[in-house]
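The exercises below are meant to be worked through with the sequence and the model side by side. Try each task before reading its solution.

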Amino acid sequence: LNSLQDYWIDEGTANQRFNPLRNYLTSTSAPNNFSVAHNVMDPVGLAHYRGVLEYLGHTFSDPSGDNGNIYRFTIGNEVDAHWAWYNVGEVELDKVIDIYLTSCRIADLALRSRNPDFRIYVSFTHYWDKMHGTDPLRAGKVKYFLEQFAAGARAEGDFPWALCIHPYPVSLFDSTFWDDP
């Protein structure tokens with residue numbers, strides 16, 4: 001990024017807005033056109049992202065419990081389908097993994113600086129053994145993603161993380177999951 005103008009994103013309306021939290025690879029043409037991917041790719045975005053998480057960590061770990069308590073945070077959404085649901089844009093999966101690992105590591109550092117019991121959860125689709133679609137610039141396989149994410153986390157100094165489970169039915173068009181085989 002060369003200037004703050006690089007953060008301006010055309011939302012498809014007359015109103016453009018500055019959002020340093022929004023990853024600049026975000027595609028406004030994706031079906032999920034609100035941003036889920038965080039901007040951890042430059043110092044301004046990284047500082048805002050960490051600041052928001054430190055605020056959340058502080059607010060929701062207050063011993064008084066006045067604000068309630070939250071100790072588990074899911075970072076992103078269905079990151080293996082990164083174009084449609086994580087909305088990091090059309091990029092190679094290894095780049096998505098790097099961005100996501102940075103997002104999770106920063107979240108861990110920010111949250112556990114407030115309370116050592118905070119945990120990060122990683123989010124994937126239910127397509128464990130196949131890709132969501134066929135375009136490798138829009139999705140990847142969960143197994144590969146998890147293997148690379150775990151290897152990257154270990155290589156840089158592992159941190160506590162776990163899988164977030166989405167309780168989908170076998171058929172997404174039949175919500176009576178209690179009848180699933």
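**Exercise 1: a pair within one helix**

Arg50 and Glu54 both belong to helix α1 and stand four residues apart, about one turn of the helix; helices (H or I, at least four residues) and strands (E, at least two) are DSSP runs, numbered from the N terminus. The model is a predicted one, in which local features need pLDDT of at least 70 and side-chain atom pairs count only at pLDDT 80 or more, whereas totals for chains, interfaces and linings use all residues. Residues are numbered from 1 along each chain as its sequence is written, and side-chain values use heavy atoms, with hydrogens and water left out.

Task: determine how Arg50 and Glu54 interact, and how far apart their closest N and O atoms are.

Solution. Begin with the criterion: a salt bridge is a side-chain nitrogen of Lys or Arg within 4 Å of a carboxyl oxygen of Asp or Glu. Arg50 forms such a bridge with Glu54, the closest N and O atoms being 2.8 Å apart. Then consider accessibility, where buried means under 20% relative accessible area, exposed over 50%, and partly exposed in between (1.4 Å probe, protein chains only). Arg50 counts as partly exposed because its relative accessibility is 31%.

**Exercise 2: pairs across the sequence**

Task: find the salt-bridge partner of Arg138, and state which parts of the chain the pair ties together.

Solution. The side chain of Arg138 meets that of Glu90 in a salt bridge, at 2.6 Å from N to O. Arg138 lies in the loop between β4 and α4, and Glu90 in the loop between α2 (82-86) and α3, so the pair ties together parts that are 48 residues apart in sequence. Next, compare a second pair, Glu156 and Arg105, whose side chains form a salt bridge at 3.3 Å, N to O. Because Glu156 lies in the loop between α4 and β5 (161-164) and Arg105 in helix α3, this pair ties together parts that are 51 residues apart in sequence. Glu156 is exposed, with a relative accessible area of 54%, whereas Arg105 is buried, at 16%.

**Exercise 3: the two faces of a strand**

Task: for strand β3 (residues 72-75), decide which side chains are buried and which are not.

Solution. The side chains alternate along β3: Phe73 and Ile75 point to one face and are buried, while Arg72 and Thr74 point to the other and are not. Turning to the neighbouring pairing, β3 and strand β4 (residues 119-123) pair in the parallel sense over four bridges, where pairing requires that DSSP finds at least two bridges between the strands. Within β4, Arg119 is the bridge partner of Arg72.
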